[in-house]
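Colleague: I am new to this structure and would like to be guided through parts of it. May I see it before we begin?

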Amino acid sequence: MTTLERLGADDLRHVVDTFRDALQAHKEGINRLNVYPVPDGDTGSNMALTLASVASELDGVDAELAAVCKAIGHGALMGARGNSGVILSQILRGLTQTLASSADGTVDAPLLAQGLEVAAKGAYEAVGNPVEGTILTVVRVASEGAATAASSGGSLVEVLDAARTSGYEALANTPEQLEVLKQAGVVDAGGTGLMLLIDAFLAVVDGRAVPEASVTEAVADAGHVEELQLLAHGDDGHEHGLADLRYEVMYILEAPDEAIPAFKDVWAGIGDSIVVVGGDGLFNCHIHTDDIGPAIEAAIEIGKPSKIRVTDLLEEVEEERLKVLLDAGVE
């Protein structure tokens, strides 16, 4: 295969399909890495569902780059699932909105590096309380590696290689930034899923094989299971457990852009793990809270919520704990 110097619309479609397939293959391993913000074992599944929505959105879309980028952004916004999926959707939106600005309908090395930089910045802005040692750190460091390579005249594959090297180094370092990862003996789940996007780009640009799913398998022994149980319920000496806020509330919100800052302020008073992504009157909103009613009423005050989903996080944590125990052979 000839190494590509520029990406066209069909190439970008291929990246999406490759990323979707990689997440599907890796999802169980990524689920086992999932201990933050709640150890409910669904990060891989949520990221895979988000990409499945993106791929479906591309069916029948015009072959032009701008149309493909718009479909990716819209599919990610409407299909994002869970905390990790919503952050991933913002990364994809920031990336593709930048790529769509191409004057000639193709993506070169500088534009891709710029897209990754915009994606990282947008992801941080979407999260109510950004935490290092997560997918945010991984996308930021990967984008910095890409920017350095692009500024020195690197080719498309060199920019991607730099992003991959920097991103995987950041991923390996996540346990040093987030104590819960160190205690559980894992790297960040969302960051692991994100790096498959860079691997998908390299598969299309340079013909490389996407890493096999075994690289994301977490160790799930009795000690780690005990850690997950303690961390989930706040019995580890810390004041609060990761699942103290019982419910995950998500919905699509139609509302004026100018109303969103005040909406976020209201949400900040009733929960955490807040992520609000979107724009132009359409947003995907995610929060962990004990107050389901107020979380939904905040949307009704400024617009129209739809596709409302409420998940009991404590039930999911317990289900994941039992699954890990069984898989680890613990009676």
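Modeller: The expected span of a helix is 1.5 Å times one less than its number of residues. Helices (H or I, at least four residues) and strands (E, at least two) are DSSP runs, numbered from the N terminus. This is a predicted model, in which local features need pLDDT of at least 70 and side-chain atom pairs count only at pLDDT 80 or more, while totals for chains, interfaces and linings use all residues. Residues are numbered from 1 along each chain as its sequence is written, and side-chain values use heavy atoms, with hydrogens and water left out.

Colleague: What distance separates the end C-alpha atoms of helix α5 (residues 109-126)?

Modeller: Helix α5 has 18 residues, and at 1.5 Å a residue these should span 26 Å. The model agrees with that expectation, the distance between the end C-alpha atoms being 26 Å.

Colleague: Which elements do the buried residues of α5 pack against?

Modeller: Buried means under 20% relative accessible area (exposed is over 50%, partly exposed in between; 1.4 Å probe, protein chains only). Among the buried residues of α5 are Leu111, Leu112, Leu116 and Tyr124. Their partners are α4 (82-99), α6 (135-151), α7 (156-172), α10 (189-206) and β2 (271-279).

Colleague: How many residues of the contact of α12 with α13 are nonpolar?

Modeller: Contact means heavy atoms within 4.5 Å. Ile260, Phe263, Val266 and Trp267 of α12 meet Ala295, Ala298, Ala299 and Ile302 of α13. Ala, Val, Leu, Ile, Met, Phe, Trp, Tyr, Cys and Pro count as nonpolar, Asp, Glu, Lys and Arg as charged, and the others, Gly among them, as polar. No residue of this contact is polar or charged, and the nonpolar ones number eight.
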